[in-house]
Amino acid sequence: MIERILPAEAVAEESTGSPAASAGDFLHPEEAAVVARAVPKRKEEFAAVRACARTALGRLGFPPVPLVPNRRGAPQWPAGIVGSMTHCDGYRAAVVARSGVLASVGIDAEPNGPLPGGVLDVVSLPGERARIRSLTALRPDVHWDRLLFSAKESVFKTWYPLTGQELDFEEAELDFGPDAGTFSAQLLVPGPVVGGVRLDGFTGRWAVGGGFVLTAIALPAAVPAPAVASAPAVVPAPGPGPQGRPPAPVTGSAASPA
């Protein structure tokens, strides 16, 4: 499902259902140490999403390296790779890409159900809550509060590798295209610099299926510069040829040989 909202340059792997109880047997020692005291369910999800990530990396020609989280929980990818992981009950996915193609990527999956009471007020701005009410009336099949939460998680996962800094829920304001399956995130703090351009926001895509809401942001490594229209070339009028004769007709040019 997740590949539907990612560009072709990103390699995604996902799995559904309950992870195998033996999933933890395939953890590298460094990874196993991270979840040594975790409950079995946490260990199984931790291992299962890393199995997805290693499969995706293998498709890019990388060996099955350890993927240890940093202090913020973000996975540490091999040099030359950007990536993101997500998991919730019944679903897990990982996406990777070469850093020369994408500067950062963020994905998130959540159950397509309402947020717990009181959470929306914590994770949203007043304008977002107003838009959620309108979107719910338009498309009640989507739990827009949960989709907003998921999209903000994808924003953070895209932002953090570029800045190494936290981003609070109220520091990005989101809007959704209900029919196009797109969303935009306006950063309310100074954005990261990518390809020499300071960004003021991200754009992403979303989808609903299988009982889940999915969001993804894939940020190109090179941000296109604004197009500048070039002035038309000034071609001098032809003068008289030798001995006052008109010039010979043009039958070809360097750009378009005859």
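**Salt bridges and a helix pair in a predicted model**

Tutor: In this predicted model, Asp 175 and Arg 131 form a salt bridge, with their closest N and O atoms 3.5 Å apart.

Student: What makes Asp 175 and Arg 131 a salt bridge?

Tutor: The cut-off is 4 Å between a side-chain nitrogen of Lys or Arg and a carboxyl oxygen of Asp or Glu. The pair has 3.5 Å, so Asp 175 and Arg 131 qualify. Asp 175 sits in strand 5 and Arg 131 in helix 4, 44 residues apart. Glu 173 is linked with both in a network of salt bridges.

Student: Why is Asp 175 called partly exposed?

Tutor: Buried means under 20% and exposed means over 50%. Asp 175 has 35% relative accessibility, so it falls in between. Arg 131, at 26%, is also partly exposed.

Student: How do you know that Arg 59 ties together distant parts of the sequence?

Tutor: Arg 59 forms a salt bridge with Glu 13, at 2.8 Å between the closest N and O atoms. Arg 59 lies in helix 2 and Glu 13 in strand 1, so the pair ties together parts 46 residues apart.

Student: Is Arg 59 buried or exposed, and why?

Tutor: Exposed means over 50%. Arg 59 has a relative accessible area of 51%, so Arg 59 is exposed.

Student: Why is helix 4 called oblique to helix 5?

Tutor: Their axes cross at roughly 130°. Roughly perpendicular covers 65 to 115 degrees, and roughly antiparallel needs over 145. The angle fits neither, so helix 4 is oblique to helix 5.

Student: Which residues of helix 4 make the contact?

Tutor: Glu 128, Ile 132, Leu 135 and Thr 136.

Conventions:
Residues numbered from 1 in each chain as written. Predicted model: local features only at pLDDT ≥ 70, side-chain atom pairs only at ≥ 80, totals over all residues. Heavy atoms only, no water. Axes fitted to C-alpha atoms, helices over the stretch in contact; angles between N-to-C directions. Helix = DSSP H or I, 4+ residues; strand = E, 2+ residues; numbered from the N terminus. Parallel < 35°, antiparallel > 145°, perpendicular 65-115°, else oblique. Contact = heavy atoms within 4.5 Å. Buried < 20%, exposed > 50% of the residue type's maximum accessible area, 1.4 Å probe, protein only.
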